[in-house]
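Please open the model in a viewer and keep the sequence panel at hand. The stops below say what to select next and what is there.

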Amino acid sequence: MRRSSRATLLSLATLTALTLGGPHESTAHGVLGHVHVTGWAIENLPPGELTDLFADPEVRDAALFGAAFPDSGYAPDTIGQGTPEARAYSEHAHWEPFVEDYIQWMRANDPPPFVTLESRRRVAFLLGVAAHGMQDEVFDTLFLDQVAERDGVSDPQGEADPGTDGFLAVDGLLRYSPDAYVPVDVLLPLFGDLDREITADTMKQGVDMLALVYLHPTRGPRLARTLHDEHAPRIPWTRDNYLERDIPGSLRAEVGPTMRYMEAVWERLHGRFDEANLVTGAYPESPRRLRSGEVGTTDSRASLVFGVGVQARRAEVSLAGASGAPAPITSRGTRWGGPGGWSRMLRVDPTAPLDPGATYTLEVAPGAELVTGTLTNLTHAHTFQVDCDDATLCPPLGDLEPWIITPPDVTSDPSADAGTSADAGDPADAGDPADAGQAPDAALPSPDSGAESDAGDTSPPAAPDPGCAAADGADPSRSPAWVLALALALVGLRPRLARPRCRSCSADAPR
Ligand SMILES: [Zn+2]
């Protein structure tokens, strides 16, 4: 099996950089961003089989937890308990070879029509995991360079990963807190070919940390709020644009590609994927225009997102004007290369100016290699116009429908109570000097007591269910070692915990 080479992250992983620093750290957005972009994509799905699948809250939550899972193996790094094994499975789960292996496992062992709840949760988990990986590719490949360019920061990942989770919290958009669900019986054979031995216990610690801290309905938002205050002053452009649909790679701009990618994976699970639907997203997104034709700017990049892993670097890619005249470009796949070169992204940069107001077509010729082992038979094209100042040539586009990211009945900030001092015992408060003397077991409630100790929190505790890694003899309440370690870390290292960031464990991930 191909080793993955990617970069990923966690929103919680604030301490990660400190404990694991090194040349391979990379990016992606935070865990809360992954969960919410995936949830928004689910809510924007058109009526059909997938909306029927997600109508069951247990199934939907399996997808939302799946959207966090690829970063779970990095979570123990934040308390100095990370392992190469945990990082290895996390890395691998980010990429298309893993998605394809999972699809084939389901087709062989638990094929459609996915009647039982467990089958449907397995599928939903895959859809969430796949969405996470694709979102990382889009965010890293398209958004981060804009952060560097517009905000002038040298470490856009270190700012935007945690910062965007903080922005979501302060903007009152955090509303998903899925219970832990991990289909261990599916995952173990899929991780069996890695050069590290992956067991249920390998996954348990990180999964527990996600459920008990980062995705907890009050602890997660509270932690994220601290990130806003730290990062917003340094990345004002990002603060203003992280949900701007017209900005390639913004969280809102990921919703459409995420939705269509989940549809593509669903079709692949049924063995009926139509290559005509290979392109699941494009930037600029029609009818939007390429923001500039100027060489060397992020605004002049055009890109495609795919519903199946593609050997993007070996694909025959071209850009041509309306007359058919070729425009010189460089092209690349996902930012980090991807394991084995498999990518869900293709990005082109013009090497000569594009004409303002002119129309161009980006094409991928037939014969591109897919992770499914086949070659494409069709030409895949995306046509767009370069923006211009001529109102006749480039008339206003008007108000374009944004993706819905809040349900119609949401009228108040669901996390508004997250910062109340009444939450005694919450680990997010552990850095308060007044809490410094608390016993660790008081600073971090066990799963059985956490909800009760959070005054005002009416949500149930994030307890793992029988399908979880945590369930395999791994009730978090019987894990005093890591609970103690996390509590101590939260007490002593809160300023650093407030800087969750993504990272790559990839040995060959290009920067
Ligand atoms: Zn990730």
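## The loop between α6 and α7

Select Pro-113 to begin; this proline sits in the loop that runs between α6 and α7. The model is a predicted one. Is Pro-113 buried or exposed? Pro-113 counts as exposed, because it has 8 C-beta neighbours inside 10 Å and the cut-off for exposed is 12 or fewer. Now add Leu-269 to the selection and draw a distance between the C-alpha atoms: Pro-113 and Leu-269 are 9.7 Å apart in space, although 156 residues apart in sequence.

Next, select Phe-114, which lies in the loop between α6 (96-109) and α7 (117-151). Its surroundings are another matter: Phe-114 counts as buried because 21 C-beta neighbours lie inside 10 Å, where the cut-off is 20 or more. Check the backbone here too, since phi of Phe-114 is positive, near 55°, in a residue other than glycine.

## Along α7

Select residues 117-151 to show α7. Where does α7 bend? The bend is at Phe-143 and comes to about 35°. Colour the helix by burial: 27 of the 35 residues of α7 are buried, so the rest of the structure largely encloses this helix. Then step to Gly-152, which follows α7 and has a positive phi, near 65°.

## α6 against α13

Go back to α6 and add helix α13, residues 255-269. The two helices pack at an angle of about 40°, and their axes are 9 Å apart. That angle makes α6 oblique to α13. The crossing of this pair is right-handed. To see the contact, select Val-99, Ile-103, Met-106 and Arg-107 on α6, together with Val-265, Arg-268 and Leu-269 on α13. Sorted by class, these residues are five nonpolar and two charged, with no polar ones. Leu-269, on the α13 side of this contact, is the residue paired with Pro-113 in the distance drawn earlier.

## α2 against α4

Hide the previous selection and show helix α2 (residues 31-44) with helix α4 (residues 57-66). Their axes come within 8 Å and cross at roughly 140°. How do α2 and α4 lie relative to each other? They are oblique, because the angle falls short of the cut-off for roughly antiparallel, which is over 145 degrees. α2 passes α4 in a right-handed crossing. On α2 the contact is made by Val-35, Thr-38, Gly-39 and Ile-42, and on α4 by Arg-60, Ala-63 and Leu-64. The contact of α2 with α4 has four nonpolar residues, two polar and one charged.

## α5 against α10

Now select helix α5 (residues 84-93) and helix α10 (residues 200-214). The axes of α5 and α10 are 9 Å apart, and the packing angle is about 80°. α5 and α10 are therefore roughly perpendicular to each other. Show side chains for Glu-85, Ala-86 and Tyr-89 of α5, and for Thr-202, Met-203 and Gly-206 of α10, which make the contact. By class, the contact of α5 with α10 divides into three nonpolar, two polar and one charged.

## Two cis peptide bonds

Move to the loop between β2 (279-283) and β3 (302-311), where Pro-284 is placed. Select Tyr-283 and Pro-284: a cis peptide bond joins them, with omega about 0°. Pro-287 also lies in the loop between β2 and β3. Select Ser-286 with Pro-287 to find a cis peptide bond between them, with omega near 0°.

## Pro-350 in β6

For the last residue, select Pro-350 in strand β6, residues 342-350. Pro-350 is buried, because 23 other C-beta atoms lie within 10 Å. Which residues does Pro-350 touch? Leaving out residues up to four places away in sequence, Pro-350 touches Gly-293, Val-295, Ser-300, Leu-319, Ala-327, Pro-328 and Ile-329. Take Val-295 from that list: its C-alpha atom and that of Pro-350 are separated by 6.0 Å, with the two residues 55 apart along the chain.

## The whole chain

Zoom out and show the chain as a cartoon. Its secondary structure comes to 17 helices and nine strands. Of the 511 residues in the chain, 55% are buried. Among contacts between residues at least 6 apart in sequence, 80% join residues at least 24 apart.

Note on methods: Residues numbered from 1 in each chain as written. Predicted model: local features only at pLDDT ≥ 70, side-chain atom pairs only at ≥ 80, totals over all residues. Helix = DSSP H or I, 4+ residues; strand = E, 2+ residues; numbered from the N terminus. Axes fitted to C-alpha atoms, helices over the stretch in contact; angles between N-to-C directions. Parallel < 35°, antiparallel > 145°, perpendicular 65-115°, else oblique. Left-handed = near helix turned anticlockwise from the far one by under 90°. Contact = placed C-beta atoms within 7 Å. Nonpolar A, V, L, I, M, F, W, Y, C, P; charged D, E, K, R; others polar. Bend = angle between axes of the 7 residues up to and from the residue.
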